[in-house]
Every structure is written in structure tokens, then in C-alpha cells.
Amino acid sequence: MPLKSSGCLALATWCLATLYASPSYAQPAPANPTNAPALVENTLRNMPEQDLLPDPRVLQRPLNSPLPPSGVPVAPWPGLATMNIPSVNDYGNKKPHHIMTLEALSTGEGPSWLLPAEVDAQRRTDMEDPYYVPTAGSSHLVPQIMPFRERLQKKGFAFSFTYKGEAMGNINGGIRRGMDYVHELTLQMNFDLGKMAGLEGWSVHTLLMNRAGREVSHDMVGEYYVNLMEVYGLSGHVVAHLVDLYAEKQFLNNRMDITFGRMSLTHVFATSPLICSFMVTCSAPVALKLDPGFSVYPKATWGARVRFRPTRDTMIQLGAYQVSPLNGNPSGWSWGSEDTTGLMLPVELTWQPFLTRNRLPGHYVFGYAHDTSRYADALGSKPASLLAQPGMERSAPMDIFWFEGDQMIYRMGGRNQMAGGYLMAGYIHNTPHVSSISDEAYGGLSFNGLIPSRLTDRLGIMYSWYHVSDRKRLGQTYALDAGLSLGSQVRGPQTDSHVIEAYYAIDAVPGVTVQPEFEYMVRPGETSHIPDAALVGLKVIANL
């Protein structure tokens, strides 16, 4: 019996040693957690130095790059309204102004600790490569005023003025051929109250916008859920639509921040720079933008959000926002006329690993939101005789779940988080009982440097699937059976639709991005009455 036990122990020891040495598996955590840092340190110390340092070829800055050496345009980064806006406060020059992440509450890692030591770059050092919006024109059209801008920024004031124009034409399918044009003028201003008034860590952010034009989805394609052009809707034809007016306070030595005032949820929740490089998904996936409680840019409501990093590779943010109809207060200024229906309570966890010696970033976002508003049953108001059960129609609140993930798979052209190619995917689910689009899934890629001499250009391709709530489709079927009209915009019981979008963004000259677009939609209107539509267009972004 002892001989058999010894043989089994030897075999088990050999298996564990083989598994531990295999490069395809993560090293198991030691039994004594206090020995973990020493184990990692010994592993890294024994690795060749060239396996720890990034490949210098992928970090080389492109010749004649419009980006500054940091890899990031000067604050406040035009287009940043679609993601986290950092304070311009640099805390006495302790941190470069372009660093956008908070300090971690702890010095350890979270899920990244499960990765093999040779894969987890963050185990060796914190990554401060900025994750910024790549859709705005890099640099500025008028560099002559840069000294003036820099003087203002030293005194606590930073601004950007951006033009974004989109022309999109339906060339095949849809309801008719033709083209529409929309444009957006945006003035963004950041006030650093630490520099202006000695209020350390405080800043105020404002954004004014002008939009005008028509939407090709409605006019030419026959689609009313999915806007195939980004710059359209919610703001009305007003001279200056107020989007943002909120304050930010960074505290606990830059380990936590809170924002409060008027803002859009999609500034900080369920968005990313990569998503917003696409027309259809900017500034959030369509299934979220259609939810009345999810105030989508440029719709703003009263609210507050707190954000912190529990570990160096994770971030948590929680919020509470007023809920009002998406089409209410189109000017953004008539706060007293807004009809408050409830409270939106979102929470979001982000895991951000950095992989391999080339520090390839990933962003994996898990979110949930509860809207306390009571919404009408998606079944609709139908004759009682058509309902399977008495009392079948009822109002209900809405719950929203989302996952959005992206992972850089190669680095090319610089240190920042946009200097590389990404794969991306996501899924969104809304309560079917009270929603129009209950499910959305998407997947795609965002690659740069496909042309060796054009490292700052970017190719994007995305496929999206949209599913109409089964509850809504059932109500439409009941209405048709009763001889009722579904309205001029609905051609039959709706099920799902699909969109493929492709673009190539070109840094034409400093301050100007030119982006040709192609879109192909299957089943516009979410029925088979319109088989498909093919569209081509052009987006131009210019930054003063």
C-alpha cells in the first residue's frame, strides 16, 4: 500500500510540474498569498530582457504624425463628449495632462492576476497609454493659435470647436434613391477651478451644439429604429443646444471622482472610442439609444456618477439619473418643462488588461441599469377580445444588461491605446415586455496601419443584429387580425434586421479627418417588405 501511494504521489507531482511549466496555461496561485509577489518577481527576473520590453518597431512614432509625442491631441480632445472627460487639473504637474485614468485604491491586480506572468504586462508596471476618441481630426486646423490656447490652459481654461458633416446616399434598395446631409457644430469648454479659483480637484464641463439636416434612414430607406447617420436627432433645429453643464470633483488623491449636473448617460456608460468611430453605434449601441431612460448624447438629464478603480486593472462606476422622454426639451435649455417619469440607476464594471510585452490593451465592460419608470406594455392597446387572458396588458419598469468588449491584437505606430488593431463584440438586452428592440448583438474590427505609410488611418468593419421584442411583434399580429392599422411607418409584424458598416478614416491634414462610408442593411423596417438597402457616404470632421 505505501508503494502504491508513493507511485500515485510521484505521478501527481509530475503532472502538476508539467502543467505549471506549460506556456499555454496560467500559473496557479501559490498556497500562501504572501509568496505571490516573490513568485512573480522571480519569474520576471528569470525572463530574458527582450521578452519584457516592447518591440521598438511597434512603438515608433509615424513620420509627420499630426499627434504630439504623447500620442494624444491637446485637451479637451474634440469629440470627447462621447466618453469619460478628465479634469484638466494636473495636480501640480505630478501627472501629465493627458493621463485619463484614476489612481487605483489598491496596489494589486484583479482578474489579470489569473493570467500567466509573461502575458500580463501590467504586472510589471502600470499602463498609462491614453484611451481617447480617434474620430476627431487630430491636431488643429489653425496651429498659429496654439500658444494662445496653451496660455489659456495654464490659467485653467481649455476649449475645442469642431465641425462634423455627413452625407449619405441610398444607391440601391430601400424605398427610393437619394441623399441626405446633416452637420454638427460643437463648442466644448473645460474650466479647471483648481487653477482658476484654488478649488483643487474641481472642474466644470460644458458643451453647446448646433445640428441641422435630414436622416437618410427615414427618407430613403424606410427604417425608423436604426439611424444610419450619426449626426441626427434629439437636438432639434436650434441655434445652440445645451448638451452638458456639469461639475467634477476628484478626491482621495485622484483615487475617486464624482460628477453631477446635466449630462448624458452615454458620455460614460456603455460607450467607447472604438464604438463611436462607427456612424450607427455612436455614441452607444442602438438598443440602448432607443430606451427612454438611457439619455443618449446629445440628450442630457440631471444626474450624478461616482467612479473609482478597486484594482489597477478594474474600474467601477455607479450613477443615478433623472428619466424624461428622449424627445422632450429639444433645446436643452427648458429644464422646467421636462416631465420626470422615474430614476435610472446604472452600474458598470470594466476590466482592462494589458497583454504581452507590446502592452496590448483590452476593455471588457459589464453593465446593468434599472429604470424605475412604468412603461406601457409593448403589446399595445388591443381589443379585449383578442387577448389570450384578461388583464394581459400591464405596465412595468425596464431592466437593461450590456456587455461590450474589445481587445487590441497588434500594436503599430505608437504607445497610446489607439495605435493598433482591435477585435470587438457586444450584446445588449432590454426587458422585452416594455421595449421595442429587446436584443442587439454586434461584432467587428478596427484596424490601423493597413497602409504602411498611413499609420494613423483606420479601417472599421462592424456587423450588427437587431431583434424586435417578441411582445411587440405579438401586439402587431393582434392588431392586423383585428383589422387595425399599424401606422404608415410599419409594414407588418416586425422581427429583426441586420446592418453591415465599413469605413476608412483618413488623417487628411492636421485638424481634418475624412471618412468614406459604406452601409448595407438587410430587412429595413424589420420586415421582409423591403429586402435590403445599400448606402455610400462621407463624413468630414474638422477641429479648430
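## Thr186 and its polar contact

Thr186 is placed in strand S2, which covers residues 178-192. In this predicted model, the relative accessible area of Thr186 is 8%. Because buried status requires a value under 20%, Thr186 counts as buried. The side chain of Thr186 is joined to that of Glu184 by a polar contact of 3.2 Å.

## Aromatic pairs around Phe159

Across the whole structure, a search finds 11 aromatic pairs. One of them is formed by Phe157 and Phe159, whose ring centres are 6.0 Å apart with an angle of 20° between the planes. The arrangement of Phe157 and Phe159 is stacked, because planes under 30 degrees apart fall in that class.

Phe157 and Phe159 also belong to a cluster linked by ring pairs, together with Phe191. Phe159 has a relative accessibility of 16% and therefore counts as buried. The ring of Phe159 has a charged partner as well: the charged end of Arg149 sits over this ring, 4.4 Å from its centre.

## The Phe269 and Tyr321 pair

A further aromatic pair consists of Phe269 and Tyr321, with ring centres 6.2 Å apart. The planes of Phe269 and Tyr321 stand at 90°, so this pair is edge-to-face. In sequence, Phe269 and Tyr321 are 52 residues apart, and their pairing links distant parts of the chain. Phe269 lies in the loop between strand S5 (256-263) and helix H7 (286-289), whereas Tyr321 belongs to strand S7, residues 314-323.

Are the two partners buried or exposed? Phe269 has a relative accessibility of 0% and so counts as buried. Tyr321 is likewise buried, with a relative accessible area of 0%.

## Arginine over tryptophan

Another contact between a charge and a ring involves Arg262 and Trp302. Arg262 lies over the face of Trp302, at 5.3 Å from the ring centre.

## A nonpolar surface patch

On the surface, a nonpolar patch is formed by Ile171, Phe518 and Val536. Together, these residues have about 230 Å² of accessible area.

Val536 lies in strand S17, which spans residues 532-543. The relative accessibility of Val536 is 36%. Because partly exposed residues fall between the buried limit of 20% and the exposed limit of 50%, Val536 counts as partly exposed.

Notes: Residues numbered from 1 in each chain as written. Predicted model: local features only at pLDDT ≥ 70, side-chain atom pairs only at ≥ 80, totals over all residues. Heavy atoms only, no water. Patch = residues over 30% accessible without salt bridge, like charges linked within 9 Å, V, L, I, M, F, W, Y side chains within 5 Å. Areas by Shrake-Rupley, 256 points an atom, 1.4 Å probe, with all protein chains shown as cover. Salt bridge = Lys/Arg side-chain N within 4 Å of Asp/Glu carboxyl O. Helix = DSSP H or I, 4+ residues; strand = E, 2+ residues; numbered from the N terminus. Buried < 20%, exposed > 50% of the residue type's maximum accessible area, 1.4 Å probe, protein only. Phe/Tyr/Trp six-rings, centres within 6.5 Å; stacked < 30°, edge-to-face > 60°. Lys NZ or Arg CZ within 6 Å of the ring centre and 35° of its normal. Polar contact = N/O pair within 3.5 Å; in protein donor to acceptor, adjacent residues only side chain to side chain.
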